[in-house]
Structure formats: structure tokens, C-alpha cells
There are 2 protein chains.
Amino acid sequence: MPADDAPKTAAREGGLTYASAGVDIAAGDRFAHSLGALMRRTHGPRVIPNPGGFAGLLRLDYNEQLFRHNYKDPVLVACTDGVGTKIKLATDLAKFDTIGIDLVAMSVNDLIVQGAEPLMFLDYVAVHAVEQHVLGPILAGVAKGCEIAKCALIGGETAEMNDLYKPGEFDLAGFAVGVVELSRATDTTRVEPGDVVLGLASSGVHSNGYSLVRRIIEHAGIDLLSIDPELDPDRTVGEVLLEPTRVYVQPIVRTLRAYKVKKVITGMAHITGGGLAGNLERALHPRVDAVLNRDAWDVPPVFRYLQKHGGVDAAEMDKVFNMGIGYCLIVRPTFAASVARRLTRFGETVHTLGTITKGSGAVRMK
Amino acid sequence: MPADDAPKTAAREGGLTYASAGVDIAAGDRFAHSLGALMRRTHGPRVIPNPGGFAGLLRLDYNEQLFRHNYKDPVLVACTDGVGTKIKLATDLAKFDTIGIDLVAMSVNDLIVQGAEPLMFLDYVAVHAVEQHVLGPILAGVAKGCEIAKCALIGGETAEMNDLYKPGEFDLAGFAVGVVELSRATDTTRVEPGDVVLGLASSGVHSNGYSLVRRIIEHAGIDLLSIDPELDPDRTVGEVLLEPTRVYVQPIVRTLRAYKVKKVITGMAHITGGGLAGNLERALHPRVDAVLNRDAWDVPPVFRYLQKHGGVDAAEMDKVFNMGIGYCLIVRPTFAASVARRLTRFGETVHTLGTITKGSGAVRMK
């Protein structure tokens, strides 16, 4: 119920009610209930049903297999992230079925950087009012993202706040928990000169830089529903810009498992706000540099399109966008080719970006 | 930088930049950095430092003590919650130092209902712009809440979205993870006729029903900065309404530990939206009722004040607010007095609310 209706309702009923304050508890409950099936799709045997409860339960040591065979000193890894103003683009286009994939991707891609395997995910959705046609697709996207990442969607919160969010507006936050064996957790000190930097192709803009994306679109007066062959001959500008963030979990987790004894992967980076250099830097220690070759990959059309229409300079593009590389691995040189082959087999597009040299913790592009 | 400045900046620099789109990455980074000390205050030896990383790491089996002595079949429990439109009240009063305690309380109080011990917490803060004088107190409150709950603040996200949030507005979401031994997790089927229902006093309105609270204040034309002796002779109306949510973690966790062999606590409930009946119901199975005595506790002045000024009817009040009881325990009758004494010693105000009878899963007030 819109907040504007409230005083009328209150007057009719002789006193204020929660519904007159714009909050429909029953609609919220019905919606929460409808999520059950979506969530169960993502549940393995580790998840303990908790009907009516507000908490998600995941049995860590299912059948005592987990620790006996894999974990001696388990470390929980947790991340949280949102999808920034990509939300506004989804709202403008009234297309809500993929933003939930972005939400999951942003957190789980951060999680695997630590060497962790995602276990569970929770979402926070804040809305003006509970509208099934908006929330349904959003949460279906979240469930889809969890299926891709093979983690359990075990909880969430739908907050109805009609005086903080305008009609049709919403915000999303995601939260992921994973586990990694302490001795296999990513450790920047293991990176050595000679290691090779591999880059995995992004699926598009992912979920960073959308304040600038939207400013460019507005500035250039671009119709999101138009098709520009320069960008993509088959999809509208809006569709290209809403392409969901690639979830790198399964290829990375499976590759880490394959090399877990030799530990040939010495560092990883999820390329988000700050760009390739800003994020890969976090994987380095102060005595090494990463020297990357700009020609190692082609910058996808979407970034050239945004740069051109916004008149954005190259350095700014590099700082804000992933420019085509969504995830990086630093790999011992003798294993670089085999890791690249494996990732390719798992569906990734792999580029050899450069190498690690002695240095001072910087990423240098040449 | 306000979004309005953006076109001017863009024109001056000849192209669009991320800063011209209203996002100040450097200010965000500086703020993130300043959080380090706050977060470290909440860290025990289990937390693994991860400077520059986007993920929080917590060693589950620190020194192999946890599992050897306490956990054979650990279950991870995770919750997420926000603080609803209590945020708007904090904004109206420009008082930001306690809303973070509310945020932690909402999630960790849900977590302990499952019998779990909170381990770690993460926050998501979405703002129009990074403003230290607002974010600083908010995050200090989050850290304070984590200290009270004895859980580690191991991560968070500050999202700057100037086109989703108006200047001065923000939203908060919290995520908590805990652990419980499977055999000691709360199990509604253990509730039996004869069990006693204990209620712990709330500290005030907690974090539910604020859309209605604010509607009442507006409707009655109440000045939040005024003092009404009927409500509280020493604090302004705003201060009373912003009183942070009580964190029940330590008293409950310590009580559960004291009775962990006998398992005399058969159910618990955190009283949030839906009120005492709506939440206590979740702790029951379909063959028992909880019969509560309305005279077992005095409804605090703040609820009588809100009811009077909003002309809200009693049933609606019961459905929306905690009415003075923030947390319930269902306890074996022979242990009710000793559990109550223990909780009192831990600082709680305990009321014997009623008993469990044969029934159909309902909460009945008499």
C-alpha cells in the first residue's frame, strides 16, 4: 500500500495501524513463504531445514566427511557486497532476473580469492513495497547465482521501507560464507618473480562503475532500448550493460582442488572497483611487481563504446572498469600452461597477461 | 562530491570521470582504512589478519581446541537483518552512534535462538556519499555491538550510491555467523506441556515497528527534541525512541553453556516484527500452546505513549511491538527458577510469562 494512502486508512479505522504506515506484514510473509522452493533448489544435504526460523543452518561436518578428509584447521571466510547502481539500470529497464546473479557473483568471487570454497549465501533486499513481480525475479536470480556457485541460499531478509526507498526502487546486499584449510589459504608472500599472471575474461561491465555508466548514457543521450551494431548487433544497449557478472567459482574451486598438494597458484584477484591494477595489487607483496602486457587481450566493445560516448580518458577507464578481465591468477611458471588449459576446459577464456618480477608491490602495464 | 557538481567537473576535464559521477573512490578508501582499528577491537585470536583483502577470515578450530572440546558435529548458523526505518529516526535526529548496536543486535539475537554462539559479523552500509561524521559513529556502533555480543567484526562494505540514496540518507544490513553443536541446536519438538515461558525485558522499541512509530510522531505532531515526563523525565522523546536494541547474546550463551548437558532450555524466541505471540509461535510445535499471563509484566511507558498518541488499538500494538519483552525462553519447570536467577545475575530483568500446555501451536494471552 502506498504511504500516501495511509492517513485515509488511519482515519477510517479510528487509529493508526502498521498497514496504514505502509507496511503490509501479510504480503511480506506470503512473499517469504514463496521463496522456500527457490531456496531449496540450492540446498544440498548439509543444509538443515529450519521452517519458521529466522536463521539458516548448515552442517559443516556432514557425515563427518568434511574434516576427516579435507579440513584439519578450517578457516571460515566471509564476504559482503552489493551491486552498486547497476540496480538503477535494472530498475530503468524493468529487468530484474539477472541482478541477483550479480549479487551472488560479487561476494563469491571475492571469497574464492582467499582459496575458499563457498558454502552458503544470504541476501538482504530493501524495497519500497513488497511487489512479487519485482522481488520474484530478483530472488530467482539470487537462487540461480547460488546454483552456479554451488552454494546454499540459506537465508535472507526482505525489508519494506517505503519512506527510505521510492516506489520501484530497491537495494540489495549479499553475504557469502566459505571455508578454506588454513595451510591452503591464499598467502601473498608465496608470489615469486617468474610467476605467470593469467586473466579470465569478464562477461561485461560486471557490477562496478555503474554510476559512471549511467552518467555516460545520460550525457550521450543514448536510448537503452536501441541497438548499436558497434556495441552488439543482436542485443539492446541496456541488455549488454545488464549482462550478469561472471561467477568464477566452479572453475577456480576445481582448479585449486586439482593442484592442492603442489599449491601452484600463488595468488588471485577478483577485478572490481579499482580495475585490474588496483585489484591485482592486493595479491602482491612489497618485493614483487606484476608486469602486464596491454596487448595480451582485446578490450571488449562495451568498454570502447563507453569510453567513446563519455569521452572518458584511458587511465580513468582502467581505474573504474575491468576492461575485459574479470579474474586473475598468479601461477608458478611451469604450471601456467596446464592451469590455463584446465580453466579453458572449464569454460573460461584465458589470457596470459604477464609475469611477476622483482619490484615494490606495483602493477605495471606495458 | 554531490552529483549536481558532476556535469561542471566533467566539462572542465573534457570527459566524464568516476568522481564526476559522484563517487569518490579515494574518500571511500580512506574511510575503509580508518575502520581497521575499530574492527581490530572486536578480534580475538581466531581472526586471521587479511590486510587489503575483501574477505574476513576466522579460524574455526583455533589451536584445535574448539572441536576437540566442544564440537563434534558443528552447524554453521547465519542470519541477516536490517534495522528498518529506525534509520530514518536516527537521520532525523542526526544521532548515529547507536544504530550500529541495533544492527548487530537484530542478527545476533536471531542467531542465539538456534542455540548458536555468534562468531563473526559483517555490515553493509549504503550511503549517498561517504561522510566521516555519519559513517564514523555508525561503524563505531557496529563495533560496539560486536564487542557486547563478543563476535568479531571481520568485514563490511560501504557502498556509495548517490542516485539511489538522497543526501544524508543511508541503509544498513548486517550478517552474523555462529556455530552450534548439532545435538544442542534448538529443536521445537522438545517443548513439552508444563514447560515454563520466561521473558527478558526489552530496552525499548528495539528495531521493529518504526514505520508506525514515525507515523504516530508525525500524526500527533510530537517534537522529537521535547521531553514528556509521562514518557521519560530525563530524556527527549527522540532519545527514548532511539534507545538501542538489547543484545541478549552473553546472558543466553552463558546460560546455554551452564545447562548444556541437561538441555533444560527447550525453545527460545527473539521478539521482533509480529510481536510476542507472532515470534514465540515459531518456537512451538503443533501439539503445544503457550499460555501467557498479560499481568506478568508491566508494559513500559514508551508503548503506552505510542498507543495513546497514535490511537493504536491494543491488538495492533501487540502485533507490531515487543511491548516490553524482547526475548523468551521455554524452560523445563524444575529448572525455571534457577535459569531465571542465573539470567538475573547476568543483568537481565526476567519475567515468568506463563506455561506450555497441550494445544495446536498457538500463543494465547490471558
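This short talk covers one sheet and a handful of salt bridges in a predicted model.

First, the ground rules. The model is predicted, so local features need pLDDT of at least 70 and side-chain atom pairs count only at pLDDT 80 or more, while totals for chains, interfaces and linings use all residues. Residues are numbered from 1 along each chain as its sequence is written, chains are lettered from A and ligands numbered from 1 in the order in which they are written, and side-chain values use heavy atoms, with hydrogens and water left out.

Let's start with the sheet. It is open, has six strands, and mixes its pairing. The order is 5(A)-4(A)-6(A)-3(A)-2(B)-1(B). Strands here are DSSP runs of E with at least two residues, helices are runs of H or I with at least four, and both are numbered from the N terminus. Two strands pair if DSSP finds at least two bridges between them.

Which strands sit at the edges? Strand 5 (152–160) of chain A is one, and strand 1 (47–48) of chain B is the other; each pairs on one side only.

Now look inside the sheet. Strand 3 (residues 74–82) and strand 6 (residues 170–181), both of chain A, run antiparallel over nine bridges. To find your place, take A:Leu76: its bridge partner in strand 6 of chain A is A:Val179.

A helix packs on this sheet: helix 6 (residues 132–149) of chain A. Helix 6 touches strand 4 (117–127), strand 5 and strand 6 of chain A. Contact means heavy atoms within 4.5 Å. The directions of helix 6 and strand 4 of chain A make about 170°. Axes are lines fitted to C-alpha atoms, for helices over the stretch in contact, and angles run from 0 to 180 degrees between N-to-C directions.

On to charges. The whole structure has 28 salt bridges over all chains. The cut-off is a side-chain nitrogen of Lys or Arg within 4 Å of a carboxyl oxygen of Asp or Glu.

Take A:Lys308 and A:Glu230. Their closest N and O atoms are 2.8 Å apart. The pair links distant parts of the chain, 78 residues apart. A:Lys308 is in helix 11 (residues 301–310) of chain A, and A:Glu230 is in the loop between helix 7 (210–219) and helix 8 (237–242).

Chain B has B:Lys308 and B:Glu230 in a salt bridge, 2.9 Å from N to O. Buried or exposed? B:Lys308 is partly exposed at 49% relative accessible area, and B:Glu230 is partly exposed at 48%. Buried means under 20%, exposed over 50%, partly exposed in between, using a 1.4 Å probe and protein chains only.

Finally, a network: shared partners join A:Glu192, A:Asp195 and A:Arg332 through salt bridges.
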